[in-house]
Amino acid sequence: MTITDWPRTAVEPDPETASPAAVSGTRKPVSRTLSTVSGAPEFVSETGSGTGTKSSPRRLTGTQKWTAGAIVVAALALAGIGLYLSFEHVAGFAFTELRFGTLGKGQLFAVGVDTGIMVMIAVDLLMAWLKRPISWIRYPVWLLTAATVVLNAASGAPEGAWKLLDYVAAGAHGVVPVLFITVVELGRTAIDRVVRPEQEERDSIPWLRWVLAPVATARIFRRMRLWGVTSYPEMIRRDQQLIAYEQWLKRKYKGNISQASEDELLPMKMAPYGYTVDQALAMPDEQEQAAQEREEEAERRRLDAETRSEVAKAASEAERLRAKGKVELVQAEVDGQTGQARAHARAQVSAAERAAALEQEALDQAVIAEARAREAEAERKEAQEREAKAEADLHAAELERQAAQKRKEAAEADRVAAAEAQAIETQTIAEAREAAAEANRRAAETERAAAETQRATAEANRKKVEEERHQEAALADIARAKQDAAEAEKAAAETRLAAAEVERRAVEAEDAAKLSPRERAVRKVARLTLGTAAGVANRLPLADIQRELEVSPGTASEYRQEAAELLAGGYRP
C-alpha cells in the first residue's frame with residue numbers, strides 16, 4: 001500500500017457536495033499537476049447551504065412584490081418608532097447628563113446620530129442593490145447603534161440602587177434600536193440574495209453541535225471563517241479525512257507516527273491552514289513542479305534577457321552604422337559640393353582657356369581674312385586694269401570697225417569705179433575686181449564680227465570684274481565683322497578667365513575656412529551678384545541662381561537675400 005492508498009473516510013461525502021479535492025480545484029490523484037502551493041486556495045463549496053436555500057429568481061411575482069412592499073412599510077414604521085423613542089431619551093440625557101448646555105443642542109445631537117445611522121444604512125442598502133456592497137460600512141452603523149442603545153439604556157437608569165425592574169427598563173430602551181438594526185441586516189441580506197443569486201451562501205453550524213462539542217465546533221467555525229469554507233458538510237468531511245489519514249498512519253507505523261516522513265505528516269501540519277489531505281500530500285509534487293517551473297521561467301527570462309541584450313547590441317550596432325552612414329553621407333555631400341565647386345571652377349578656367357584659344361584662332365582667321373582682303377583688293381585693281389584694257393580693246397575694235405566701214409566704202413567706190421570702167425576694162429578684170437571686192441567685203445564683215453566679239457568679251461570681263469569687286473567688298477566686311485566678334489569674344493574670355501580665377505580663389509578660401517554648403521552657396525550668389533548685377537542682389541534673376549545652384553525658387557530667394565546681407569556687410573571675393 002502506497003502513501004496515497006489509504007482507506008476512505010468513515011462518512012462518505014454527500015453526492016451534492018464537492019469531491020475530496022474539489023474545494024480548491026485540485027484533482028484527487030497526488031501524482032497529477034495541481035495548483036501551486038503559493039496560491040491561496042479557493043475555498044468555495046459546491047454544496048447547498050445548511051439552510052437549504054437556493055438561488056432566488058431574478059424577477060419577483062406580484063404577490064412577492066406586495067409582500068416586499070409591506071415589509072418595507074413595516075420596517076420604515078419600525079424605524080420611525082425607534083427614532084421617535086430614541087430622540088426623546090437621547091436628547092434629554094444629552095442635555096442633563098452629557099453637559100450639552102441647552103436642550104436644543106441635545107436635540108441636535110440626537111438628530112445627528114440618528115441621521116448618520118440612517119444615511120449609512122441607506123448607502124449600505126443602495127450599494128447592495130447595485131451589486132457593489134461595502135462591507136465595512138456596517139461596522140460604524142453597529143457602533144453608532146450600540147451607542148444609541150447605551151444612551152437609551154442610560155436615560156432609563158435609576159438614581160439610586162438598581163433593582164431587577166431597573167435592568168428590565170434599561171434593556172427595554174435598547175430593544176427597538178437592536179430590532180431595527182436586525183431588520184436592516186435582514187433586508188441587506190435579502191437584497192444581496194435577490195440581486196446576486198449566484199453568490200454562495202455560508203452554512204451555519206447546528207446549535208446542537210455547539211452544545212455537544214463546543215471546543216471542536218469552535219475550531220471548525222474558526223477554520224471555516226479563516227479559510228473561506230462555506231459548506232459545513234465539506235468541513236466535516238475534511239475533518240473525517242484527516243482523522244482517517246491519521247489513523248492509517250498509526251496503523252502503518254504501529255502507533256508511532258513519529259516514524260512517518262515529513263511528506264506523510266504534511267496533512268496534520270497543513271490542516272490548520274485550510275489544506276485538505278489530498279492538497280497537503282500533493283504539496284511536495286506541486287513544490288517540485290513549481291520549482292521546476294520557476295527554474296524554467298528563470299531560464300526563459302535569462303534567455304530572453306540574452307536575446308534582448310543581443311537585439312539591443314544589434315540595434316545599437318545598426319544605429320551606430322546608420323549614424324556613421326549619415327556622417328559619411330554628409331561628408332560625401334560636402335565633398336561632392338566642394339568637388340562640384342572645384343570642377344565648376346576648373347570648367348570655367350578650361351572654358352576661358354578654350355575661349356582664349358578660339359579668340360586666337362579668330363585673330364588668326366582675321367589676319368588671314370585681312371590678307372585675303374588685300375589679295376582681293378589687288379585682284380580688284382588687276383580686274384580694273386583688265387577692264388581698262390578691255391575698254392581699250394573695245395575702242396580699238398571700234399576703230400577697226402570704222403576702218404572696215406571705210407574700207408567697205410572704198411570698196412563700194414572701187415566697185416562703182418569698176419562699174420564705170422566696166423566698159424573699158426575687160427570682163428576678166430571686172431570679175432577679178434569683183435572677186436577682190438567680195439573678198440574685201442567678207443574680210444570687213446569678219447573684222448566687224450571679231451570686233452563685236454571683242455566688245456562682248458570686254459563687257460563680260462567688265463561685269464565679272466565688277467562682281468568680283470562686290471564679292472571682295474563683302475568678304476572684307478565679313479572679315480571686319482569676324483575681327484570685331486573675335487575681339488569681343490577675346491574680351492569676354494578675359495572676363496570669364498578673371499571670373500574663374502576669382503571663383504577658384506573663393507573656393508580655396510571657402511575650403512580653408514571649412515564653410516558649410518549653405519554658406520558656400522550664399523557666397524557664390526554674392527559673387528554672381530558682383531559679376532552680373534553690379535553688386536545689387538535684387539537685379540540678379542532667380543532663374544540664374546536656380547540654374548547655377550540647382551535649387552528651388554524659395555531657396556534661391558533665401559540665398560539672394562542672404563547674399564545681399566553679406567554684400568552689405570562688406571564681402572568681396
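The exercises below, each with a worked solution, concern a predicted model.

**Exercise 1. Helix H6**

Task: Work out what distance helix H6 (residues 214–227) should span, and compare it with the distance between its end C-alpha atoms. Then find which residues of H6 are buried and what they pack against.

Solution:

1. Helix H6 has 14 residues, and a rise of 1.5 Å a residue gives an expected span of 20 Å. The expected span is 1.5 Å times one less than the number of residues.
2. The C-alpha atoms at the two ends of H6 are 20 Å apart, in agreement with the expected value.
3. Thr-217, Ile-220, Arg-223 and Met-224 are the buried residues of H6. Viewed down the axis of H6, these buried residues fall within an arc of 125 degrees, so they line one face of the helix.
4. Val-215 and Arg-222, on the other side of H6, are exposed.
5. The packing partners of the buried residues of H6 are helix H5 (207–212) and helix H7 (232–252).
6. Gly-228, just after H6, has a positive phi of about 70 degrees.

**Exercise 2. Salt bridges within helices**

Task: For the residues Arg-322, Arg-442 and Glu-501, name the salt-bridge partner and describe how the two residues of each pair are placed in their helix.

Solution:

1. The cut-off needed here is a side-chain nitrogen of Lys or Arg within 4 Å of a carboxyl oxygen of Asp or Glu. By this rule the count is 26 salt bridges.
2. Arg-322 pairs with Glu-319, and their closest N and O atoms are 2.7 Å apart. Both residues belong to helix H9 (residues 277–420), where they are three residues apart, about one turn of the helix. Arg-322 is partly exposed at a relative accessible area of 48%, and Glu-319 is partly exposed at 42%.
3. Arg-442 pairs with Glu-438, with 3.5 Å from N to O. These two are four residues apart in helix H10 (residues 427–513), so about one helical turn separates them. Arg-442 counts as exposed at 54% relative accessibility, whereas Glu-438 counts as partly exposed at 28%.
4. Glu-501 pairs with Arg-504, and the closest N and O atoms are 2.1 Å apart. In helix H10 the two are three residues apart, about one helical turn. Glu-501 is partly exposed at 27% relative accessibility, and Arg-504 is partly exposed at 31%.
5. Salt bridges with shared partners also join Glu-297, Arg-300, Arg-301 and Asp-304 into one network.
6. The spacing can be read from helix geometry: an α-helix has 3.6 residues a turn, so residues three or four places apart point the same way.

**Exercise 3. Positive phi outside glycine**

Task: Locate Lys-131 and Lys-254 in the chain, and decide whether each is buried, partly exposed or exposed.

Solution:

1. Lys-131 is not a glycine, yet its phi is positive, about 65 degrees. Lys-131 sits in the loop between helix H2 (103–129) and helix H3 (138–155). Its relative accessibility of 40% makes Lys-131 partly exposed.
2. Lys-254, likewise a residue other than glycine, has a positive phi near 55 degrees. Lys-254 is found in the loop between H7 and helix H8 (266–270). At 77% relative accessibility, Lys-254 is exposed.

**Exercise 4. The surroundings of Ser-86**

Task: Decide whether Ser-86 is buried or exposed, and list its contacts beyond the neighbours within four places in sequence.

Solution:

1. Ser-86 is part of helix H1 (residues 62–96).
2. The relative accessible area of Ser-86 is 4%. Because buried means under 20%, Ser-86 counts as buried.
3. With neighbours within four places left aside, Ser-86 contacts Ala-91, Asp-114, Thr-148 and Asn-152.
4. Ala-110 is 24 residues from Ser-86 along the chain, and the C-alpha atoms of the two are separated by 7.8 Å.

**Exercise 5. Aromatic rings**

Task: Classify the pair formed by Tyr-139 and Trp-142, and state where Arg-523 lies relative to Tyr-571.

Solution:

1. The structure holds four aromatic pairs. In one of them, Tyr-139 and Trp-142 have ring centres 5.3 Å apart and planes at 90 degrees. Because planes over 60 degrees apart count as edge-to-face, this pair is edge-to-face.
2. Tyr-139 and Trp-142 are three residues apart in helix H3, about one helical turn. Tyr-139 is partly exposed at 48% relative accessible area, and Trp-142 is partly exposed at 36%.
3. Arg-523 lies over the face of Tyr-571, 5.7 Å from the ring centre.

Terms used: Residues are numbered from 1 along each chain as its sequence is written. This is a predicted model: local features need pLDDT of at least 70, side-chain atom pairs count only at pLDDT 80 or more; totals for chains, interfaces and linings use all residues. Side-chain values use heavy atoms; hydrogens and water are left out. Buried means under 20% relative accessible area, exposed over 50%, partly exposed in between (1.4 Å probe, protein chains only). The arc is that of the directions from the helix axis to the C-beta atoms. Contact means heavy atoms within 4.5 Å. Rings of Phe, Tyr and Trp (its six-membered ring) pair if their centres lie within 6.5 Å; planes under 30 degrees apart count as stacked, over 60 as edge-to-face and the rest as tilted. A charge sits over a ring if NZ of Lys or CZ of Arg is within 6 Å of the ring centre and within 35 degrees of the ring normal.
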